[in-house]
Amino acid sequence: MNREKNARRWPVVVGALVIQASLGAVYIWSVFQTPLLAAFPEWSEKTVTLPAQLVLAFFALAVILGGRLQDRLGPRRVASAGGILLGLGLGLSWFSQFFPSPGALIWLLATFSLLGGFGIGMAYVCPIATCVKWFPDKRGVVTGLAVAGFGGGAFFFAPLARGFISGGAYQIFGLRLFPLPHLGLFGTFLVLGVIFFCATLAGAQLLRNPPPDFSPPGRDPGGAGQDAVMAPEFCSSEMLRTPLFWLLWTTYFVGCAAGLQVIMKISPIWESFSMTGLSSPVAEATFLRVSALGTTAVSVLAIFNSSGRIIWGKVSDSLGRKVTLVIIFSLSGLVLLFLDSMRTFPLYLAGTGLVGLCFGGLLALYPAITADFFGTKHIGSNYGWMYTAYGAGGLAGPFLAARLMRVEAGVIYLARSPAGTVSEHLLIPGDYQPAFLVAGGACLVAAVLLMLFLSHRPHGNPSGCKKMPARSAADAPPGTLPGVAE
């Protein structure tokens, strides 16, 4: 019987990957930054960074709500609601072009950041919580798989967005695969909204919770790589009172701030590296070449980000979460300290790729370690609270990059509009080294804290949580009775 149920858990992973690939398109924001500055010349670096900061913050807040709802209503309904909100948020961003500044910024924050962020957060937690319940025997690697799509989505959608914005072909690593229409910046928001809406709803239909008595065949509950076995079931209020939670939250915040600082700025950072010192005006062909390499960097980082979620998840199942986290923070910190010197394109790809690899590992390990130490019964709401560290890091990381950036001399470049006219635009290159140094040092401190203070058990015991409300029939697995709490 368990083998039959075991076969039903793999479609859940497929649904998780489809959903997460769509939600992970939030990482392509850097592709929009330069076109937005061209559309609104009065915007500053900090202004154009604000939608990226807030979408990550609203995303993290919505994970708390989404986690609580999916614990009660089941993952399919909540993930579907998230897909609807995400599609609306991006689609309605199309109207930003009709507002003068600052109205355009306010509208973009209300649609892309608020609606889109809440949609991402509602849908994001559902695949993770569902996969953790179906795979107690492979918690690290399957959590990595569940969030791999989130990191990998930018690989496909960054060149798609760039192609729609500037016209031309869909290019990956310089290969022109097929032609794309020239939609411009705002048309791209609309089309991506439709794509993400359809994909998220399709993936949500594959999400189902396992039966309460489910156990995969051949499971060894005392596997060598597990940091916690048969963890007590903490509800959120009890988890928040443990020192272990706050140690994990603080280090998660540091890692997310460092990773998102690079991810959300990777294209403009490369443009700054490449165009500093060039004579104005920079020819259209030169700017397009630099921009294309920036988009390639987004795609390459997405590969590392996605791979890191699987690789580090698998490593943590063997070495343990603590050792793996110490390695991740140490490696990320060292790379960030030297990132400003990696100004040739191959070195830039290697440096940012390693940052992405380590960042991806955090997104795989922290859901697993939350389940290890605080149980799986309330994993949706518990990880929602843990994930607020991601939102705080999303605010802090890009802000740190923009705030500490030292402005270099402006460069005029030529770019073509959707109407076909070529006009001059101003690029303000920046020196991001101070932000890299602060983030790198913080990662090394986090590695030391985890090495010294991460215990194998939470301090304190759960005093007894409220029973879970009944699960809806729509999300009960075939052959089980709806209304049975997990």
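Here are some exercises with worked solutions on this predicted model.

**Exercise 1. Get your bearings: find how many helices and strands the protein has, and how much of it is buried.**

Solution. Start with the secondary structure: there are 17 helices and six strands. Next, look at burial: of the 486 residues, 58% count as buried. Finally, check the sequence range of the contacts. Among contacts with a separation of 6 or more, 82% join residues 24 or more positions apart.

**Exercise 2. Work out which residues touch the most other members of the largest nonpolar core, and where that core lies.**

Solution. Step one is the core itself, which holds 140 residues; Y124 and Y390 touch the most other members. Step two is its location: domain 1 (1–206) and domain 2 (242–455) both give residues to this core, so it lies between them. Step three is to zoom in on Y124. Leaving aside residues up to four places away in sequence, Y124 touches Q20, L23, F59, V63, V147, F150, L363, Y383 and Y387.

**Exercise 3. Take T111 apart: say where it sits, whether it is buried or exposed, and what its side chain contacts.**

Solution. First, place the residue: T111 belongs to helix α6. Second, get its accessibility. The relative accessible area of T111 is 3%, and the cut-off for buried is under 20%, so T111 is buried. Third, look for polar partners. The T111 side chain has a polar contact with the side chain of S93 at 3.1 Å. A polar atom of that T111 side chain also lies 2.8 Å from the backbone oxygen of W107. Fourth, list the neighbours: not counting residues up to four places away in sequence, T111 touches G89, L92, S93 and G116.

**Exercise 4. Hunt for backbone oddities: find the cis peptide bond, and say which residue has a positive phi in the β1 and β2 hairpin and which one after α11.**

Solution. Begin with the usual expectation: most residues other than glycine have a negative phi, and most peptide bonds are trans.

Now the omega angle. The bond from S101 to P102 is cis, with omega near 15 degrees. P102 itself lies in the loop between α5 (75–92) and α6 (103–134).

Then the hairpin. Strands β1 (residues 168–172) and β2 (residues 175–180) pair in the antiparallel sense over five bridges, with Y170 opposite F178 in β2. Two residues lie between the strands, and F173 takes a positive phi near 55 degrees.

Last, α11. The residue G277 follows this helix and has a positive phi near 90 degrees. Helix α11 (residues 266–275) is itself mostly covered, with nine of its 10 residues buried. Among those buried are P268, W270, E271 and M275.

**Exercise 5. Compare A16 and W10 in helix α2: which is buried, which is partly exposed, and what lies far off in sequence from each?**

Solution. Both need placing: A16 is in helix α2 (residues 10–23), and W10 is in α2 too. On accessibility, A16 comes out at 0% and counts as buried, whereas W10 is partly exposed at 40%.

For A16, take V125 as the distant partner: the two are 109 residues apart in sequence, with 9.9 Å from C-alpha to C-alpha. For W10, take W134: the pair is 124 residues apart along the chain, and their C-alpha atoms are separated by 8.8 Å. To finish A16, add its contacts beyond four places in sequence, which are P127, C131, A146 and L207.

**Exercise 6. Sort the residues of strand β4 into a covered and an uncovered face, then find its pairing with β5.**

Solution. Read along β4 (residues 411–416): V411, Y413 and A415 make the covered face, and I412, L414 and R416 the uncovered one. For the pairing, β4 and β5 (residues 422–427) run in the antiparallel sense over six bridges. A415, from the covered face, stands opposite S423 in β5.

**Exercise 7. Count the disulfides, and explain why C358 has no bond to C443.**

Solution. The cut-off is sulfur atoms within 2.5 Å, and by this rule the count comes to zero disulfides. For C358, the closest cysteine sulfur is in C443, 8.3 Å away, which is too far for a bond. Burial is worth a look as well: C358 is buried at 1% relative accessible area, while C198 is partly exposed at 45%.

Note on methods:
Residues numbered from 1 in each chain as written. Predicted model: local features only at pLDDT ≥ 70, side-chain atom pairs only at ≥ 80, totals over all residues. Heavy atoms only, no water. Helix = DSSP H or I, 4+ residues; strand = E, 2+ residues; numbered from the N terminus. Core = buried A, V, L, I, M, F, W, Y, C linked by side-chain atoms within 4.5 Å. Buried < 20%, exposed > 50% of the residue type's maximum accessible area, 1.4 Å probe, protein only. Domains from an automatic or database assignment. Contact = heavy atoms within 4.5 Å. Pairing = 2+ DSSP bridges. Polar contact = N/O pair within 3.5 Å; in protein donor to acceptor, adjacent residues only side chain to side chain.
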